[in-house]
Amino acid sequence: MRKNNKKEWNVREKVNWKKELRLAPGYIILLIWVLFTFMLLGWVLAASFATTKEIFSGQAMFLPSGLHFENYAKAWTTSQVSVFFTNSLVYALIACLLLILVCAPAAYVLSRFDFIANKVIQSSFVSAMGVPVIMIILPLFGLVANWNILNNVFANKVALVFLYTGINIPYTTIFLLTFFSNLSKTYEEAAAIDGCPPMRTFWKIMFPMAQPGIITVTIFNFINVWNEYFISLIFANSDKVKSVAVGLYGMINSMRYTGDYAGMFAAVIIVFLPTFLLYVFLSEKIIAGVTGGGLKG
């Protein structure tokens, strides 16, 4: 028996080694990509603390003159990064909140109740996800311009929030619909036996259970709104309304006149920081939201 066990163990070890060898090229490619990414991000981070002269002389990685924190101070104040940063943060947070308040109940109803237009609505959302933004941006701009919204800073910001919310509704609804479909109906049946009405069941029981999916789709929506460029370029009528993507592009264009490339790299790090922190601290939530669900109903 012991000899048989040793033979089986040796066979398993050989099989595992063969699998590892087959996967070795993929591991090597992944390792090269990770190293390249870290080197690239590391150089940008070092350049944000260097001087423009050190960047052009190729000494940015070594920081011979020390850390220049004033690059961040100048980018935050002089280059109006603080304004663009605040605008994008407000747009992203309010749009994400509105998307959850609108899409979570809609996704729950579509996943749980059968009615005549159910499949039609679901198909419409899926079709809307395939419509490029550029196809609807001009009609929307004409509509907004006719209402004289673009001449008022507050109204312009409100319009951008509603645009970001409306454009992300199809994706958010379909994502949450899939998640709610995987939650067991036994929870609702137990709540119904206790006399709990459907809407209260949703907010008190099903909504908290869908937390992984809600957090995941909120992170994705936050990143989409934060990095959005085209809508802000068209609808933002002044620097007081522009998002970080458009503001950063304007800074890059102005470098030909100011020559403050160190400040530009500092602005890039400031803009990159929120999405990076989201991935670092909430990566487990993202994986749980994409792969998880509940008991299959």
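**Exercise 1.** Which backbone oxygen does the side chain of threonine 275 reach, and at what distance?

*Solution.* The model is a predicted one, in which local features need pLDDT of at least 70 and side-chain atom pairs count only at pLDDT 80 or more, while totals for chains, interfaces and linings use all residues. Residues are numbered from 1 along each chain as its sequence is written, and side-chain values use heavy atoms, with hydrogens and water left out.

Step one is to place the residue: threonine 275 lies in helix 13, which spans residues 261-291; helices (H or I, at least four residues) are DSSP runs numbered from the N terminus. Step two is to find the partner, which is the backbone oxygen of phenylalanine 272, reached by the threonine 275 side chain at 3.0 Å.

**Exercise 2.** Determine whether threonine 275 is buried or exposed, and list its contacts beyond its sequence neighbours.

*Solution.* Buried means under 20% relative accessible area and exposed means over 50%, with partly exposed in between (1.4 Å probe, protein chains only). Because its relative accessible area is 9%, threonine 275 is buried. Once the neighbours within four places in sequence are set aside, threonine 275 is in contact with Ile223 and Trp226, where contact means heavy atoms within 4.5 Å.

**Exercise 3.** Identify the residues that make the nonpolar surface patch, and state which helix supplies the largest share of them.

*Solution.* A patch of this kind takes residues with over 30% relative accessible area and no salt bridge (a side-chain nitrogen of Lys or Arg within 4 Å of a carboxyl oxygen of Asp or Glu), and nonpolar side chains (Val, Leu, Ile, Met, Phe, Trp, Tyr) are joined within 5 Å. Leu41, Phe272, Leu273, Phe276, Leu277, Val280 and Phe281 make the patch, whose area is about 640 Å², and accessible areas come from the Shrake-Rupley method with a 1.4 Å probe. Helix 13 gives the largest share, six residues. Phenylalanine 281 is found in helix 13 and counts as exposed, because its relative accessible area is 65%.

**Exercise 4.** Work out how the buried residues of helix 9 are arranged around its axis, and what covers them.

*Solution.* In helix 9 (residues 198-209), the buried residues are Thr201, Phe202 and Met206. They lie on the same side of helix 9, because they cover an arc of only 100 degrees around the axis, the arc being that of the directions from the helix axis to the C-beta atoms. The exposed residues Arg200 and Lys204 are carried on the face turned away from that buried side. The cover over the buried residues includes helix 4 (81-112), helix 7 (153-181) and helix 8 (186-193).

Conventions:
Helices (H or I, at least four residues) and strands (E, at least two) are DSSP runs, numbered from the N terminus. A polar contact is a pair of N or O atoms within 3.5 Å; within protein, one must be able to donate a hydrogen and the other to accept it, and residues adjacent in sequence count only if both atoms are side-chain atoms. Patches are made of residues with over 30% relative accessible area and no salt bridge: like charges are joined within 9 Å, nonpolar side chains (Val, Leu, Ile, Met, Phe, Trp, Tyr) within 5 Å.
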